[in-house]
Amino acid sequence: MLALNLERVLRRIERARLAYSAHQIISLVAVSKYQSAEDILALYECGQRAFGENKVQDLRAKSEILSDVPLEWHFIGTLQENKINALLALQPSLIHSIDSIKLAHAIQKRLGEAKVRALLQVNAANEASKSGVSIESAKEIYEQIQAQCPNIILEGIMSIGAHSPNRADIERSFQLTRDVFDSVQGCGARILSMGMSGDFEIAIAYGANLVRIGSKLFEGAK
């Protein structure tokens with residue numbers, strides 16, 4: 001079942017990619033926040049390598065169980081300052097969710113000599129329920145983090161599409177995120193992380209090159 005799910009999702013990503021640009025390269029992070037270590041291992045055995053967790057304690061538990069497997073772990077949830085040390089100890093491949101200059105400074109303080117790859121989270125839909133910096137302040141904050149937090153290697157932008165039944169709202173949130181991404185490409189941004197199970201094809205149409213998909217991959221998992 002998981003192999004079939006992965007094949008279907010990859011086929012849909014490929015169709016959307018080709019419609020956008022044959023030169024685009026798109027990465028897939030499997031969102032495993034509700035899944036067991038067994039299901040993560042099963043999807044790994046189907047060929048999936050990158051997995052994303054929302055909670056530090058879940059990432060720790062699953063990465064310990066699967067420590068013999070060369071998984072690429074991403075942290076995609078809201079990071080509380082009191083969990084920074086625990087997250088950094090796990091050495092995630094990428095933190096998607098730096099959502100303020102305050103959080104960036106707190107991470108920088110705890111990094112010591114270490115470095116971490118990260119994205120700046122933008123609240124493109126301007127929704128109270130979502131974390132992230134505003135569209136208007138994003139470029140300035142991106143540049144501030146680069147200048148003030150040398151051990152955070154900022155590699156791009158992340159956002160969550162508008163929570164709306166109206167496709168135009170979703171498209172607008174992705175377009176605004178893309179505009180921010182374009183504005184910081186001169187600062188070395190190369191990752192545009194947006195699009196989830198319900199809207200990843202729309203996100204790809206607006207230039208996403210990393211999508212975070214959970215339910216569509218794990219449907220029918222035991």
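Residues here count as buried under 20% relative accessible area, as exposed over 50%, and as partly exposed in between. By that yardstick, Glu143 is partly exposed, because its relative accessible area comes to 34%. The model is a predicted one, and Glu143 sits in its helix H6. From Glu143 to Met158 the sequence separation is 15 residues, and the C-alpha atoms are 16 Å apart.

Lys130 comes out on the other side of the cut-off: with a relative accessibility of 16%, Lys130 counts as buried. Its place is the loop that runs between strand E5 (116-121) and helix H6 (138-148). Leaving aside residues up to four places away in sequence, Lys130 is in touch with Asn123 and with Ile160, Gly161, Ala162 and His163.

Ile84 is another buried residue, since its relative accessibility is 0%. This isoleucine belongs to helix H4, which covers residues 84-89. Once residues up to four places away in sequence are set aside, Ile84 touches Leu79, Leu103, Ala106, Ile107 and Arg110. Take Leu103 from that set: it is 19 residues from Ile84 in sequence, while the C-alpha atoms of the two are 9.2 Å apart in space.

Leu103 leads on to helix H5 (residues 101-111), where it is buried along with Ala104, Ala106, Ile107, Gln108 and Leu111. The cover over these buried residues of H5 includes helices H4 and H6, together with strands E4 (94-98), E5 and E6 (152-158). Just after H5 comes Gly112, with a positive phi near 60°.

Now for helix H1, which takes in residues 2-20. Its 19 residues reach 27 Å from the first C-alpha to the last, close to the 27 Å expected at 1.5 Å a residue. Buried in H1 are Leu2, Asn5, Leu6, Val9, Ile13, Ala16 and Arg17. Looking down the axis of H1, the buried residues fall within an arc of 105°, so they line one face of the helix. On the face turned away from that buried side, H1 carries the exposed residues Arg15 and Ala19. As for packing partners, the buried residues of H1 pack against two strands, E1 and E8 (210-213), and against helices H2 (37-45), H8 (200-205) and H9 (215-218).

That leaves the pockets. Rolling a probe the size of a water molecule over the atoms shows where empty space is left. The largest pocket holds about 330 Å³ of space. It is lined by 18 residues, and Val31, Lys33, Asn54, Ile76 and Met196 are the closest to its centre. Sorted by class, the lining of this largest pocket consists of 9 polar, 6 nonpolar and 3 charged residues.

In the second largest pocket there is about 210 Å³ of space. Here 13 residues form the lining, with Ser27, Glu72, Arg117, Ile191 and Leu210 the closest to the centre. Strands E1 (27-31) and E3 (72-75) are the elements that give two or more residues to the lining of the second largest pocket. The largest share, 3 residues, comes from E1, the strand that also packs against buried residues of H1. By class, the lining of the second largest pocket splits into 7 nonpolar, 3 polar and 3 charged residues.

Technical notes:
Residues are numbered from 1 along each chain as its sequence is written. This is a predicted model: local features need pLDDT of at least 70, side-chain atom pairs count only at pLDDT 80 or more; totals for chains, interfaces and linings use all residues. Side-chain values use heavy atoms; hydrogens and water are left out. On a 1 Å grid over the protein atoms alone, a cavity is a set of points where a 1.4 Å probe fits but cannot get out, and a pocket is an open set with protein on both sides within 12 Å along at least five of seven lines; lining residues have an atom within 4 Å of a point. Grid points are joined across faces, edges and corners, and a volume is the space filled by probe spheres set on the points. Ala, Val, Leu, Ile, Met, Phe, Trp, Tyr, Cys and Pro count as nonpolar, Asp, Glu, Lys and Arg as charged, and the others, Gly among them, as polar. Helices (H or I, at least four residues) and strands (E, at least two) are DSSP runs, numbered from the N terminus. The expected span of a helix is 1.5 Å times one less than its number of residues. Buried means under 20% relative accessible area, exposed over 50%, partly exposed in between (1.4 Å probe, protein chains only). The arc is that of the directions from the helix axis to the C-beta atoms. Contact means heavy atoms within 4.5 Å.
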